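User: I would like a close look at one part of this protein, with the residues that surround it described in a connected way.

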Amino acid sequence: MTESISIPPFNRNAILSFILAITTLLALCAGILPIPFTIIICYPPGVLFAIASLFLGLKSQRELRTDGKRGRSLAVMAVWVSGLSMLAYACMITAGVILIPRITEYVSQFISSIK
């Protein structure tokens with residue numbers, strides 16, 4: 001007679017938060033590419049994905065304390081990745097705001113040299 005061991009299922013919020021965290025990293029890396037307008041296209045959804053991943057990761061950690069499902073490591077990694085990604089986004093946005101006067105000066109000099 002064989003005994004079957006029941007393996008608890010994964011927490012869906014933990015899986016979803018991990019997928020969103022990976023998507024956040026992809027958006028962060030795609031924004032760095034030297035292709036025009038990738039920052040404008042990739043950063044806003046990346047920030048939204050990071051926020052959603054952070055909240056879902058924290059929610060799944062709370063749920064995992066009470067139920068017997070698996071996925072704690074996914075939830076912890078999602079919280080860390082999304083938190084660090086949000087920090088990277090904040091640093092890049094701050095650097096962009098600080099560099100706006102220099103960038104506009106460079107662009108105006110470039111345009112005047114073309115004329």
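In which helix does N13 lie, and what does the helix that N13 contacts pack against?

Analyst: The model is predicted, and in it N13 lies in helix α1. N13 counts as buried because its relative accessibility is 18%, which falls under the 20% cut-off. Leaving aside neighbours within four places in sequence, N13 is in contact with L56, K59, S60 and E63, and of the residues just named, L56 and S60 are among the buried residues of α2.

Helix α2 spans residues 38-66, and its 29 residues reach 42 Å from the first C-alpha to the last, close to the 42 Å expected at 1.5 Å a residue. The buried residues of α2 include T38, C42, Y43, G46, A50 and S53, and the buried residues of this helix pack against α1 (12-32) and α3.

On the α1 side, C42 touches A27, A30 and G31, as well as Y89, when residues up to four places away in sequence are not counted. C42 also belongs to the largest nonpolar core, which has five residues, the others being A27, L28, Y43 and Y89; the elements that give two or more residues to this core are α1 and α2.

On the α3 side, S82 is found in helix α3, which covers residues 72-114. S82 is buried, with a relative accessible area of 0%, and, apart from neighbours within four places in sequence, S82 is in contact with A50, S53 and L54. Of these contacts, A50 and S53 are listed among the buried residues of α2.

Terms used. Residues numbered from 1 in each chain as written. Predicted model: local features only at pLDDT ≥ 70, side-chain atom pairs only at ≥ 80, totals over all residues. Heavy atoms only, no water. Helix = DSSP H or I, 4+ residues; strand = E, 2+ residues; numbered from the N terminus. Buried < 20%, exposed > 50% of the residue type's maximum accessible area, 1.4 Å probe, protein only. Contact = heavy atoms within 4.5 Å. Expected span 1.5 Å × (residues − 1). Core = buried A, V, L, I, M, F, W, Y, C linked by side-chain atoms within 4.5 Å.
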